[in-house]
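Visitor: I am new to this structure and should be grateful for a guided introduction. May we proceed by question and answer?

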Amino acid sequence: MFNLFKQTDISMYYEKYKTIRNKVNKMIKADKAKETLKLVTNFKESKKAFYGYVRSKQVVRTKIQQLRKRDDTMTQDDTEAAEELLNFFQSVFVDEGKGAVPTFQRHPEGTPVTDIGYLEITQEDVEKKLLNLRDDKAPGPDGLHPKALKELASVLGVPLAILFNKSLQEGVLPEDWKCANVISVFKKGLKTEAGNYRPVSLTSVPCKVMESVLRDKMLKHLDANDLLSHNQHGFTRKRSCLTNLLETLEEWTQALDEGYGVDAIFLDYQKAFDTVPHQRLINKLKGYGIGGLLLKWIHDFLTNRKMRVVLNGHKTDWAAVLSGVPQGSVLGPLLFFIYVNEIPDIIESSVKMFADDTKLWRTIQSEEDEQILQHDLDRLEDWSKEWLLKFNASKCKVMQIGRKKTVNYQLRDGMDSVNLEETEMEKDLGVWISKDLKWSHQCRNLQARQWQFLAW
């Protein structure tokens with residue numbers, strides 16, 4: 001109708017256009033209102049969708065524009081920015097070299113472990129995973145969208161099960177499954193620094209389906225043999241950020257109630273997920289009873305991977321991935337948990353972990369407790385050197401709760417020892433913790449964020 005009006009300049013066409021336009025606008029508004037109401041009423045069942053909607057209403061969004069290059073000049077366009085991000089992501093990879101790889105004993109020592117070497121993936125396993133795919137997730141480099149796979153679950157169950165079992169039997173993945181489009185997620189700090197962005201891999205959705213099936217079976221094996229540390233709260237059943245914080249604060253407040261102080265150390269890894277050495281990880285998997293064809297498949301899953309950075313539609317060339325577990329994959333978090341799983345067993349102090357977020361503490365009743373905590377730091381430093389997963393000493397912090405005495409805890413950084421920075425307030429798993437365990441700053445911060453969401 002609008003085109004007819006432009007061509008003929010007859011007002012009747014314009015009036016019809018306005019009537020149709022207004023009707024369509026009302027339908028769109030009604031549909032949006034219906035979807036918003038659905039998000040609110042189904043909040044308990046779909047919290048992620050609700051908070052995703054809230055985030056979409058933010059006025060200010062992080063967008064990569066210019067990045068500082070190594071020669072201190074600034075990138076001029078998205079292509080240069082993407083290349084700079086790729087160069088940085090490649091620079092953090094770890095080379096294990098040709099030296100001897102440490103052996104690893106099964107945990108806990110002396111406990112018999114049932115080996116897991118061959119698995120069979122059924123049609124039911126595949127269909128269940130396909131039906132649980134989220135429609136709003138992005139496809140990988142192969143372009144296979146999760147919505148299409150979900151809609152065709154009943155048709156694709158058999159052929160994908162055949163493909164998955166064939167891949168397991170041969171211990172080889174299709175090349176497309178080892179390629180990843182990497183998007184860059186801003187963490188904190190200066191937005192012009194490439195080091196302040198986290199690489200998240202968008203990989204093949206069919207591969208993720210297979211990873212999900214294998215992850216479930218591996219977790220069943222690990223749980224049946226009681227191999228996973230109960231101090232790890234990340235991405236494990238019946239544990240979360242909330243349980244991590246509740247258990248931690250319960251111990252801290254109990255110590256204060258008894259009249260003692262607590263020295264808590266917040267540890268920071270250097271690019272943890274990207275620096276896990278593959279051969280050392282394979283040795284640890286063997287130690288946890290994962291071998292045979294499954295171990296061969298995981299080895300192929302980790303090695304000879306390729307990535308390219310995608311930024312505002314611009315793509316870099318493919319680059320080799322030399323270490324790490326892919327952030328954004330399904331198996332990645334579990335493999336990382338296995339890699340750091342024995343940390344609570346090599347120290348005497350209390351520890352809580354959520355993926356790569358690690359904090360250890362000790363109730364201080366005497367100077368001996370301070371010495372034990374420092375000795376635990378030394379043990380962790382020795383562990384990090386042996387397993388090539390380094391701590392960033394300059395970002396590790398200590399909080400002395402309920403204590404006036406200052407103790408200089410040290411962590412070795414190369415050949416030198418670095419005094420850990422003392423902090424009176426630290427953000428732990430999204431919650432601000434103060435050394436007096438009061439919540440005024442956390443409440444003010446939450447209130448300010450909600451006003452930002454509302455754009456008032």
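**Strands, charges and exposure**

Guide: Along strand S13 (residues 425-428) the side chains alternate, with Glu426 and Asp428 pointing to one face and buried, while Met425 and Lys427 point to the other and are not buried. In a regular strand the side chains alternate between the two faces of the sheet. The model shown here is predicted.

Visitor: Which strand does S13 join, and over how many bridges?

Guide: Strands of a sheet pair through backbone hydrogen bonds, either parallel or antiparallel. Here Asp428 stands opposite Val431. The two strands run antiparallel, and the partner of S13 is strand S14 (residues 431-434), joined to S13 by four bridges.

Visitor: Which residue takes a positive phi in the hairpin of S13 and S14?

Guide: The hairpin has two residues between its strands. The positive phi is near 55°, and the residue that takes it is Leu429.

Visitor: How many helices and strands are there in the protein chain?

Guide: The protein chain has 456 residues, of which 42% count as buried. Its C-alpha atoms fill a box of roughly 90 × 55 × 50 Å, taken along the principal axes. The chain holds 14 helices and 14 strands.

Visitor: What is the order of the strands in the open sheet of five strands?

Guide: The pairing in this sheet is mixed. Its edge strands, each pairing on one side only, are strand S7 (350-354) and strand S12 (421-422). The order is S7-S8-S3-S9-S12.

Visitor: Which residue is the bridge partner of Phe266 in S9?

Guide: Strand S3 (residues 261-267) pairs with S9 in the antiparallel sense, over five bridges. In S9, the partner of Phe266 is Lys397.

Visitor: Which residues gather in the patch of positive charge on the surface?

Guide: One of them, Lys395, is placed in the loop between helix H13 (367-387) and strand S9 (397-401). Another member is Lys427, whose side chain is on the face of S13 that is not buried. The patch comprises Lys187, Lys188, Arg198, Lys395, Lys427 and Arg449.

Visitor: Which residues form the negative surface patch?

Guide: Glu258 belongs to this patch, and Glu258 lies in the loop between helix H9 (241-257) and S3. The patch is formed by Glu250, Glu251, Asp257 and Glu258.

Visitor: How many residues apart in sequence are the parts tied together by Glu193 and Arg68?

Guide: Side chains of opposite charge can pair when their charged atoms come close. The side chains of Glu193 and Arg68 meet in a salt bridge, at 3.3 Å from N to O. Glu193 lies in the loop between strand S1 (179-186) and strand S2 (197-202), and Arg68 in the loop between H3 and H4, so the pair ties together parts that are 125 residues apart in sequence.

Visitor: Is Glu348 buried or partly exposed?

Guide: Glu348 forms a salt bridge with Arg379, the closest N and O atoms being 3.7 Å apart. The pair links distant parts of the chain, with Glu348 in the loop between helix H12 (331-340) and S7, and Arg379 in helix H13. Because its relative accessible area is 46%, Glu348 counts as partly exposed.

Visitor: Why does Val309 count as buried?

Guide: Val309 lies in strand S4. Val309 and Leu85 are 224 residues apart in sequence, yet 7.2 Å apart in space, C-alpha to C-alpha. Buried means under 20% relative accessible area. Val309 counts as buried because its relative accessibility is 0%.

Visitor: Is Asp72 buried or exposed?

Guide: Asp72 is found in the loop between helix H3 (47-56) and helix H4 (78-91). Its phi is near 70°, a positive value in a residue other than glycine. Exposed means over 50% relative accessible area. Asp72 has 56%, and is therefore exposed.

Visitor: What is the relative accessible area of Asn304?

Guide: Asn304 is placed in the loop between helix H11 (292-302) and strand S4 (305-311). Asn304 also has a positive phi, near 55°, in a residue other than glycine. Asn304 is exposed, with a relative accessible area of 60%.

Note on methods: Residues are numbered from 1 along each chain as its sequence is written. This is a predicted model: local features need pLDDT of at least 70, side-chain atom pairs count only at pLDDT 80 or more; totals for chains, interfaces and linings use all residues. Side-chain values use heavy atoms; hydrogens and water are left out. Patches are made of residues with over 30% relative accessible area and no salt bridge: like charges are joined within 9 Å, nonpolar side chains (Val, Leu, Ile, Met, Phe, Trp, Tyr) within 5 Å. Accessible areas come from the Shrake-Rupley method with a 1.4 Å probe; for residues, only the protein chains shown count as cover. A salt bridge is a side-chain nitrogen of Lys or Arg within 4 Å of a carboxyl oxygen of Asp or Glu. Lys and Arg count as positive and Asp and Glu as negative; His and the chain ends are not counted. The place of a charge is taken as NZ of Lys, CZ of Arg, CG of Asp or CD of Glu. Two strands pair if DSSP finds at least two bridges between them. Buried means under 20% relative accessible area, exposed over 50%, partly exposed in between (1.4 Å probe, protein chains only).
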